[in-house]
Amino acid sequence: MQVAMSAATHSSRPLSVRVSREKECADNSMVEPMSPTGRVMEELGVCIVVVIGLGTPVNLPVFRAGIETELLTRFPRFRGIQVMDESTNNGKPRWVQTTVNVDDHIVVPRLDPEAVAFDPEKAVEDYVASLSLLPMDRRRPLWEFHFLDFPSSEAASTVVLRLHHSIGDGTSITTLLMASSRSTADPERAPAMPPPPKRTGAIYQRQPRPTLSSGDYLALLAWFWSYVVLAWHTLVDVTMIIATILFLSDPRTLFTRADGHESRSHKRFVHRTLNFDDVKLIKTAMNCTINDVLAGVTSAALSQYYFKMTGDTNTKRICLRSLVLVDARPVSTRQTYVTRVETGNRLSSLICPFNIALQDDPLDYVREAKKIMHRKKSSLEVLFTRVVGEFLVKNFGVKAGAFIFRRFVERTTIIFSNALGPVEHMALCGHPVAFMAPSIYGPPQALTVHYHNYGSDIKVVLAVDDAQFPDCHQLLDGFAEAIRIIKNAAALKMLTTSI
């Protein structure tokens with residue numbers, strides 16, 4: 001067990017260890033290639049941070065035993081280190097299994113007791129922010145649990161899981177935590193997942209070609225036209241991707257990274273609990289998806305913050321773009337109860353426009369988001385991004401893939417994602433979980449917006465450049481205010497419709 005943070009002070013460069021072909025052949029099960037997306041995350045130094053509020057004080061021996069018997073057993077990447085394979089010409093990295101001493105991955109920091117007593121929320125926040133500047137120890141598997149055993153407003157204690165994004169994506173980590181947990185309502189089973197979302201749009205619901213014998217030429221024309229539209233939208237989106245790589249960039253606003261991307265900034269992670277029922281009410285009133293609602297809420301919150309901070313009365317609308325992270329796994333893999341841990345990085349992305357504007361009708365934020373998202377569902381942009389990205393990494397090296405991803409991030413305004421969590425509360429390693437707030441650091445963005453539902457709540461988590469957003473809590477307040485205003489407008493719409 002590490003006291004303070006000495007476990008995270010080693011070089012962030014990959015190990016110079018190499019695995020020989022003889023060793024690979026001797027035990028092929030111990031060696032696993034790193035995925036193209038994982039290699040890009042390794043090159044960019046992207047890490048995942050999950051702040052987990054616990055309902056009880058930390059019982060360290062019990063939690064440690066849970067890590068050893070549950071997490072290490074279910075997730076081989078937690079037992080793997082990255083090495084360079086000398087059997088390939090360009091030294092592709094691989095995962096090699098190693099012996100893990102759990103105590104090397106447990107950190108119990110010594111914090112100022114007066115600072116903790118005065119403001120425990122800020123003590124947690126400051127500590128998590130400090131992790132964004134600390135490299136991880138590459139002599140060991142790239143994950144750590146940090147224990148902050150003091151109460152805050154939302155939890156009796158806090159655990160912070162930090163791991164390198166090359167180990168896995170958000171779905172990997174979520175399914176790992178859920179498969180290693182028990183439902184608090186029924187400790188005999190894992191926590192329940194929400195039902196799989198109904199995916200709509202041309203790319204998900206392709207209709208079979210009508211037969212000429214049926215004589216329905218209009219149906220045949222409509223079927224043919226749907227493919228024309230799909231091809232046209234894909235061509236437009238691919239053109240915009242190429243333009244973004246070459247020259248197209250969002251206009252500079254207060255959300256744009258101020259100092260470029262050369263140096264790693266100090267990230268601060270702040271989160272707020274929203275009522276998931278409010279999101280569902282808006283979804284029902286607007287006949288849209290959860291993602292549409294959250295995209296609209298984000299646009300509304302950023303708009304309110306922008307005009308309040310700038311005092312700009314002349315600008316009516318600023319067109320910006322977000323890089324939306326998408327899980328490329330099929331929906332059918334998401335089970336009612338998680339019994340299989342998803343491994344690796346199976347991420348794709350798409351570039352989604354959004355507007356900074358003051359709308360007279362708050363529901364217009366959701367209407368615009370719904371229109372944009374519906375349009376994106378009639379395009380193969382997500383598939384194109386993933387296939388081309390993997391092709392570049394496999395054939396031209398990881399630096400080519402990292403260059404493309406970096407261009408996407410530098411030339412858009414925010415990163416946006418929404419992850420599904422359990423619909424009921426759970427106990428992790430013998431401790432009831434009060435909330436989970438996942439985020440990332442490493443990409444050169446000043447602002448990253450993540451949503452994660454847990455039980456009847458949904459967390460909005462912001463990762464912000466500390467120097468650029470010293471008033472980040474005011475920005476966070478805007479999300480709660482935006483969903484309140486939009487929910488009230490949606491409730492009024494439903495009421496007037498029913499009369």
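**Entry 1. The whole chain**

I began with the surface: the protein chain exposes about 22,600 Å², and carbon and sulfur atoms supply 59% of that area. I note here that this is a predicted model. I then looked up burial. Of the 499 residues in the protein chain, 52% are buried. Next came secondary structure: I find 13 helices and 18 strands. I also looked at contacts with a separation of 6 or more. Residues 24 or more positions apart account for 80% of them.

**Entry 2. The open sheet**

I asked in what order the six strands of the open sheet run. I read 11-18-17-14-12-13, with mixed pairing. As a reminder to myself, strands of a sheet pair through backbone hydrogen bonds, either parallel or antiparallel.

Which strands stand at the edges? They are strand 11 (267-275) and strand 13 (347-357). Each has a single partner strand, so one side of each is left without a neighbour in the sheet. From one strand to the next, the twist averages 25°.

**Entry 3. What packs on the sheet**

I looked up helix 9, residues 290-310, and found that it packs on the sheet. Helix 9 touches strand 12, strand 13, strand 14 (414-419), strand 17 (447-454) and strand 18 (457-465). Its direction makes about 45° with that of strand 13.

**Entry 4. Strand 13 and its partner**

I went on to the pairing of strand 13. Strand 12, residues 317-327, pairs with strand 13 in the antiparallel sense over 11 bridges. I checked two positions. Val326 stands opposite Ser348 in strand 13. Arg317 has Ala357 of strand 13 as its bridge partner.

Is strand 13 largely enclosed or largely open? I counted on the cut-off of under 20% relative accessible area for a buried residue. In strand 13, 10 of the 11 residues are buried, so the strand is largely enclosed by the rest of the structure. I set this beside its place at the edge of the sheet.

**Entry 5. Helix 7, two leucines**

I looked for nonpolar surface and found a patch of about 360 Å² made by Leu218, Leu221 and Phe224. I picked Leu221, which is found in helix 7 (residues 217-246). Leu221 has 52% relative accessibility. The cut-off for exposed is over 50%, so Leu221 counts as exposed.

Leu246 is also found in helix 7. At 59% relative accessibility, Leu246 counts as exposed. Which residues does Leu246 touch, not counting those up to four places away in sequence? I find Arg407 and Arg411. Leu246 and Arg407 are 161 residues apart along the chain, yet their C-alpha atoms are separated by 8.5 Å.

**Entry 6. Positive phi outside glycine**

I looked up two residues for their backbone angles. Asn287 has a phi near 50°, a positive value in a residue other than glycine. Asn287 is found in the loop between helix 8 (276-286) and helix 9. That loop leads me back to the helix that packs on the sheet.

Cys429 is not a glycine either, and its phi is positive at about 50°. I located Cys429 in the loop between strand 15 (426-428) and strand 16 (431-441).

Are these two buried or exposed? Asn287 counts as exposed, because its relative accessibility is 63%. Cys429 counts as buried, because its relative accessibility is 7%.

Terms used
Residues are numbered from 1 along each chain as its sequence is written. This is a predicted model: local features need pLDDT of at least 70, side-chain atom pairs count only at pLDDT 80 or more; totals for chains, interfaces and linings use all residues. Side-chain values use heavy atoms; hydrogens and water are left out. Patches are made of residues with over 30% relative accessible area and no salt bridge: like charges are joined within 9 Å, nonpolar side chains (Val, Leu, Ile, Met, Phe, Trp, Tyr) within 5 Å. Accessible areas come from the Shrake-Rupley method with a 1.4 Å probe; for residues, only the protein chains shown count as cover. A salt bridge is a side-chain nitrogen of Lys or Arg within 4 Å of a carboxyl oxygen of Asp or Glu. Helices (H or I, at least four residues) and strands (E, at least two) are DSSP runs, numbered from the N terminus. Buried means under 20% relative accessible area, exposed over 50%, partly exposed in between (1.4 Å probe, protein chains only). Two strands pair if DSSP finds at least two bridges between them. Axes are lines fitted to C-alpha atoms, for helices over the stretch in contact, and angles run from 0 to 180 degrees between N-to-C directions. Contact means heavy atoms within 4.5 Å.
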